[in-house]
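Some notes on the model follow, point by point. Please read them with the structure open.

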Amino acid sequence: MAVRLVSGFRCCTVTPSPAALRCCLRHHNHVHLHSSTCFSISRRLRCRLISFGYEAVRRYSAQSLVDMVMEELDSIRKRGIARASNKLGLGTGDQLIENKPGKKTLQKGLLLEFKKDSERVLLAVVQKPDGKKNWMVSDQNGAMASIKPQQITFIVPGIKDFDHMEIPDFIQKAQDNLDPALLEFAWIELVEKNKSITVEELAEMMFGSAEPLESYSAHLLLSKDDIYFTTMETKGSYSVYGPRPAVQVEELMHRKHAKEAAERELEEFVNLLRSARDAQFHAKPPKSMWSSEEKNQTKIEILQAYAIDDCRNEDEKKTAGMQILKAIGLPKTASAAMNLLIDIGYFPVHVNLDILKLNIHTDYAEEILMAAERLLLESPDQDEVERIDLTHLKVYAIDVDEADELDDALSATRLQDGRIKIWIHVADPTRLVQPGSIIDKEAMKRSTSVFLPSATYPMFPEKLAMEGMSLKQGKHCKAVTVSVVLHGDGGIAEYSVENSIIKPTYMLTYESATELLHLNLEEEAELRLLSEAATLRFQWRRRQGAIDASTLEARIKVTNPDDPEPLIKLYVENQADPAMRLVSEMMILCGEVMATFGSVNKIALPYRGQPQSNIDISDFAHLPEGPVRSSAIVKTMRAAEFDFRKPTRHGVLGLPGYVQFTSPIRRYMDLLAHYQVKAFLRGDSPPFSAGQLEGMASLVNMNIRLVRRLSSSSLRYWMIEYLRRQPKEKKFSALVLRFIKDRVAAILLMEVGIQGSAWVSLGVQVGDEVKVLVEEAHPRDDVLIFKEAQAI
């Protein structure tokens with residue numbers, strides 16, 4: 001098809017189709033209509049085109065047809081403005097307000113629009129005055145109301161005695177007239193001249209009439225418009241409007257389309273949420289589905305942030321609360337967001353939100369995993385020549401049954417002079433990891449392994465910890481061995497610290513080690529020696545002022561924690577148990593030796609102390625030994641303190657100095673001690689000064705406090721969940737630890753190892769056992785309420 005340019009716009013040279021005509025009109029005056037709207041012209045113009053007939057139209061050239069159309073448009077515009085001006089006595093531009101007729105007096109029968117409240121606008125017919133200023137009206141719902149003049153938003157012109165029963169029909173007819181394309185057409189006509197307009201003029205321009213219905217339709221279009229026109233001036237219910245500049249309209253249209261697209265996305269997302277929420281548990285979409293599309297991933301992450309009070313800005317809060325939750329019909333609360341995420345299967349029923357809130361690292365970056373692989377393949381042992389061979393010793397590694405990584409193991413023998421010699425073998429991760437390396441920095445960031453009932457998050461990548469660092473039964477393992485000879489009273493006679501190679505003989509749980517001790521087998525004489533040494537050490541420390549705070553300690557293992565009803569195994573351990581006492585005493589002994597070793601050799605180490613000068617054990621002598629006394633003593637203890645230059649007394653342990661050294665795979669502070677000691681053993685300067693250690697310890701201890709908080713809350717959650725599942729009529733034995741107020745006592749459930757409170761009967765004393773029932777148990781809300789069981 002040939003084309004030519006006529007009068008500044010492109011036009012077809014053949015008989016135009018309606019689409020071609022629309023094309024020509026759109027290019028007139030270089031003003032573009034948006035493709036999302038349909039171009040409309042006034043009724044008069046439509047009639048004129050129809051009157052020519054199709055054959056007549058075909059005889060016109062495209063240019064002459066467009067010229068005819070534009071002439072008619074201009075004629076209609078001029079007549080419309082003149083008619084509107086004549087009717088209202090108005091001029092144009094700034095004269096519109098000044099030349100308007102006198103203020104309209106309200107009278108019975110007028111049809112007006114008024115603001116009912118902040119969200120509703122109603123049509124009503126004036127009935128009668130109500131006092132000096134107010135008027136009684138009958139609204140579109142048939143209700144009578146008293147309105148103030150300032151509530152009136154529009155008075156429909158040309159009506160004197162309207163029947164309020166006809167309001168619904170009037171509204172319907174007006175709604176049928178609301179074609180936004182008409183408003184766009186009017187804007188195109190007015191924008192070039194920057195001409196202001198009244199409602200009546202606009203009605204004449206769009207509908208060819210300024211009758212009441214058309215005027216009200218024009219008013220509705222303007223009141224709903226936020227693109228093309230702006231209010232220039234308003235006096236009472238009378239307004240004058242002006243076309244917005246083309247650049248502004250383009251920007252507003254862009255925003256509108258973006259908003260509409262966002263609203264469609266939100267609606268689709270909300271529908272996905274509803275569908276997932278209503279699906280059966282096994283039919284819910286996998287978590288990965290929500291991240292398969294970026295638009296859904298962003299919204300689900302915002303909802304998650306809202307659930308843990310971690311939104312980055314007010315926009316995210318608005319998206320989660322005012323948009324998503326409101327659309328679902330839920331309250332705008334963090335708990336509602338959490339429950340929704342559980343209901344759609346994104347969170348498991350027993351999700352641990354503290355992991356998210358505290359930003360606990362649960363996975364490793366790919367670069368960390370690759371660095372760990374390289375260490376396993378490439379790292380030589382720079383201490384190999386100096387290692388002593390201790391593979392002939394019987395070595396016991398004792399830990400909880402689910403321990404994945406083993407840091408320490410024990411050996412013992414009786415010397416010819418009757419004294420006991422002990423070897424404390426500690427895993428040697430520093431043969432692989434160097435200070436300042438990428439693996440070391442990641443370990444420092446984590447600061448400690450995280451042990452939860454439902455999961456373990458190791459300080460080192462799991463493969464590196466298990467294959468390269470952990471002690472393994474029957475395998476040659478690299479270690480740092482602390483050997484100690486004890487005096488007959490349990491004091492340290494001599495010691496040494498050396499790099500070693502060991503071959504662990506037994507991997508025992510605390511339960512199995514205790515059983516072996518009770519069996520008193522001849523072939524396990526070394527285990528009995530370790531137990532004897534532990535007893536000597538405990539008695540020696542007590543003479544030095546150590547405080548025995550051993551009590552019952554609960555431990556829980558949860559299998560399949562993502563299931564709605566996972567398996568919960570509860571263990572209640574007595575810290576005074578022979579095997580637990582054995583291991584703890586040997587670890588404390590190692591800590592004393594390392595503090596002495598560091599002090600003698602002037603090595604900067606994390607020396608741990610705990611001043612207890614204000615504790616007089618005799619003050620607690622009236623309390624029963626065990627959990628009751630321990631609980632009272634623990635409440636008076638002060639927090640531990642560190643010195644990085646010299647040992648400081650640890651009053652609770654009854655030691656002149658103490659350095660944690662036996663868990664370098666699990667605790668970064670222990671790893672720091674290994675860096676310093678291993679450098680000294682090689683004859684090198686320690687990698688860190690006391691000041692550097694202090695700075696690192698500050699960060700590490702802050703992270704450790706967060707992990708302890710997480711571990712404590714997680715353990716309590718699962719203990720409450722365990723109790724929630726118990727039969728309501730089940731009675732538990734509880735030990736009264738102390739009285740809180742009146743007859744409300746702090747109690748310890750002996751079978752569970754959890755503390756709580758309950759009202760107890762008169763006559764019950766501290767140290768007595770009572771039977772209690774679980775009245776309420778809600779783990780998510782941390783609610784646990786006991787009541788004393790009535791004696792039968």
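1. Ile398 touches Leu508, Thr509, Tyr510, Ala513, Leu527, Leu582 and Val583, leaving aside residues up to four places away in sequence. Keep in mind that this is a predicted model.

2. Ile398 also belongs to the largest nonpolar core, which has 43 residues. Together with Ile422, Ile424, Leu582, Met586 and Met594, Ile398 is among the residues that touch the most other members. Leu582 therefore appears twice: in that group, and as a contact of Ile398, where contact means heavy atoms within 4.5 Å.

3. Which elements each supply at least two residues of this core? The strands are S11 (396–399), S12 (408–414), S13 (420–427) and S16 (477–486). The helices are H17 (510–519), H18 (525–543), H19 (578–600) and H21 (668–682). Helix H19 gives the largest share, twelve residues.

4. A second core, separate from the one above, has 42 residues. Leu390, Leu432, Met669 and Phe688 are among them.

5. Two asparagines deserve a look at their backbone angles. Most residues other than glycine have a negative phi. Asn194, however, has a positive phi of about 50°. Asn194 lies in the loop that runs between helix H6 (180–191) and helix H7 (199–207). Is Asn194 buried or exposed? Its relative accessible area is 58%, so Asn194 counts as exposed, the cut-off being over 50%.

6. Asn560 is the other asparagine, with a positive phi of about 55° although it is not a glycine. Asn560 sits in the loop between strand S19 (552–559) and strand S20 (567–574).

Technical notes: Residues numbered from 1 in each chain as written. Predicted model: local features only at pLDDT ≥ 70, side-chain atom pairs only at ≥ 80, totals over all residues. Heavy atoms only, no water. Helix = DSSP H or I, 4+ residues; strand = E, 2+ residues; numbered from the N terminus. Buried < 20%, exposed > 50% of the residue type's maximum accessible area, 1.4 Å probe, protein only. Core = buried A, V, L, I, M, F, W, Y, C linked by side-chain atoms within 4.5 Å.
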